[in-house]
Amino acid sequence: MTALALASLPLETPPGPDWDVLVPKLREAGARHDRDGSFPFDNFLLLQEAGVLGLTVPVALGGQGAGLVESADVVGKVGEACASTALVLAMQLGKQAALARSSAYTPALRDRVGREAVQQGGLLNALRVEKELGSPTRGGLPATVARRVPGGWRISGRKIYSTGGPGLAWFEVLCATDEATPRIGTFLVPAKSPGIRIEESWDQLGLRASGSHDVIFDDVAVSDDHAGILAVPGKGPPPREDTPAAWNAALLGALYSGVARAARDWIALFLHERVPASLGASLATLPRAQEALGEIEALLIANARLIASIARDTDAGTPPSSIESGALKVTLTRAAVEAVRIATTLAGNHGFSRHNPLERHWRDVQCGLVHVPQTDSACIAVGRARLAASKP
């Protein structure tokens, strides 16, 4: 098999879905929801019917117990069709997998969340970011407060950039307690709980259909068993665990590589179909066009190899360190951005026309750089580690 075919190959063929049928449907709906900034409920109904939303739920709960290899493949396929849908799906698969590994909640609650994903398509995501705090990966105390009451807690606060908000069944909310010495931890909150409202604040350039709105909690009641591990925070940013960091890097890398593959496919067809009168042949015959497409393909080949390596090692129980995964996330998303940039430059004005999908791919892929860890924190961590290792 040639190297050029590698970037188009799945990491592993997932069972169940007929992707040749499913992807065009996801793509059509994704373009429509991107136009009006609405949440793609119809896409998630399709994914639920295909059995995708319970992919990483344990087999004992009716899921498929899939690992990172299969999850990255699925997210990449969906990313080719609709980046917003793929982002919410990536959060779902990663969080369900983490929940299965976790001891933070009672087995009964973990089982309930998993079964709802399989049977009802219940979506789960973490709500962590706040206007004043920014990303909690950089340290600081959340302004969202959990107040102790008999038999449970009352949560009040506002979370921003809550990806998938309108479609989520469960919020994993990062809070600080109201104790004399505050503790930090997460609470699993049913999205339909009284006192929760969504403020439709998301109006970004890219990922317009991701529903990443503000979620407001007004004295929302949760029982004791919905509280995770609460701990007094240390100084500086909290440490990142290796396995979740690897899942984050591989799934985000797969998502944005999927977007870049969609851009590659569009520009390749454009080069064949575009026949300028002055040339008398298609643009595909020009060495410069062939070279540019080759640059795109080279980036996608490298990304496919990196994602496959991260996923296989993680499934084997030897994930990269969290520092290495941060560097890989940055490398993967940078390559995807560059691939789409080359495609857009090659298309000229056609690349930015709203009549063509390339402009949506360009907008969506820019968001890959914003996800944690962002470039500065990832590179600082890698740089500090190298300096520590090389200190005389």
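Colleague: In the hairpin of E2 and E3, which residue takes a positive phi?

Modeller: Gly-151 does, with phi near 85 degrees. The hairpin has 2 residues between the strands. Keep in mind that this is a predicted model.

Colleague: What makes E2 and E3 a pair?

Modeller: Bridges do. Pairing needs at least two bridges. E2 (residues 145-149) and E3 (residues 152-162) have 5, in the antiparallel sense. Within this pairing, Val-145 stands opposite Ser-156 in E3.

Colleague: How do you know that E2 and E4 pair?

Modeller: The cut-off is at least two bridges. E2 and E4 (residues 168-177) have 2, so they count as paired. Their sense is parallel. Val-145 takes part here too, with Ala-176 as its bridge partner in E4.

Colleague: What joins E3 to E7?

Modeller: There are 8 bridges, and the two strands run antiparallel. One of the partnerships sets Gly-157 against Phe-217 in E7.

Colleague: Over how many bridges do E6 and E7 pair, and in which sense?

Modeller: Over 4 bridges, antiparallel. Arg-197 stands opposite Ile-216 in E7.

Colleague: What makes the phi of Asp-219 worth a remark?

Modeller: Its sign. Most residues other than glycine have a negative phi. Asp-219 has phi near 55 degrees, a positive value. The residue is found in strand E7.

Colleague: Why is Asp-219 called neither buried nor exposed, but partly exposed?

Modeller: Buried means under 20% relative accessible area, and exposed means over 50%. Asp-219 has 30%, so it falls in between and is partly exposed.

Colleague: Where is Leu-207, and what is its phi?

Modeller: Leu-207 sits in the loop between strand E6 (196-199) and strand E7 (213-223). Its phi is near 50 degrees, again positive in a residue other than glycine.

Colleague: Is Leu-207 buried or exposed?

Modeller: Its relative accessibility is 3%. The limit for buried is under 20%, so Leu-207 counts as buried.

Colleague: Why is Glu-241 called exposed?

Modeller: The threshold is over 50%. Glu-241 has a relative accessible area of 58%, so it is exposed. This residue lies in the loop between E7 and H6. Its C-alpha atom is separated by 21 Å from that of Leu-133, which is 108 residues away along the chain.

Colleague: On to the helices. Why are H6 and H7 called roughly antiparallel?

Modeller: Take the angle. H6 (residues 242-273) and H7 (residues 287-315) pack at about 155 degrees, with their axes 9 Å apart. Angles over 145 count as roughly antiparallel. The value passes that limit, so H6 is roughly antiparallel to H7. Their crossing is left-handed.

Colleague: Which classes of residue make up the contact of H6 with H7?

Modeller: The contact has 15 nonpolar, 5 polar and 3 charged residues.

Colleague: Why are H8 and H10 called oblique?

Modeller: H8 (residues 322-347) and H10 pack at an angle of about 135 degrees, with their axes 9 Å apart. Roughly antiparallel needs over 145, and roughly perpendicular runs from 65 to 115. The angle fits neither class, so H8 and H10 are oblique to each other. The crossing of H8 and H10 is left-handed.

Colleague: What kind of peptide bond joins Val-372 and Pro-373?

Modeller: A cis one, with omega about -5 degrees. Most peptide bonds are trans. Pro-373 has its place in the loop between helix H9 (358-366) and helix H10 (375-390).

Colleague: How many disulfides does the count give?

Modeller: The count comes to 0. A disulfide needs two cysteine sulfur atoms within 2.5 Å. For Cys-82, the nearest cysteine sulfur is that of Cys-367, 12 Å away.

Colleague: Why is Cys-367 not bonded to Cys-82?

Modeller: The closest cysteine sulfur to that of Cys-367 is in Cys-82, at 12 Å. The limit is 2.5 Å, so the two sulfurs are too far for a bond.

Colleague: Are Cys-82 and Cys-367 buried or exposed?

Modeller: Set both against the limit of under 20%. Cys-82 has 2% relative accessibility, so it counts as buried. Cys-367 has a relative accessible area of 14%, so it is buried too.

How values were computed: Residues numbered from 1 in each chain as written. Predicted model: local features only at pLDDT ≥ 70, side-chain atom pairs only at ≥ 80, totals over all residues. Heavy atoms only, no water. Axes fitted to C-alpha atoms, helices over the stretch in contact; angles between N-to-C directions. Parallel < 35°, antiparallel > 145°, perpendicular 65-115°, else oblique. Left-handed = near helix turned anticlockwise from the far one by under 90°. Nonpolar A, V, L, I, M, F, W, Y, C, P; charged D, E, K, R; others polar. Buried < 20%, exposed > 50% of the residue type's maximum accessible area, 1.4 Å probe, protein only.
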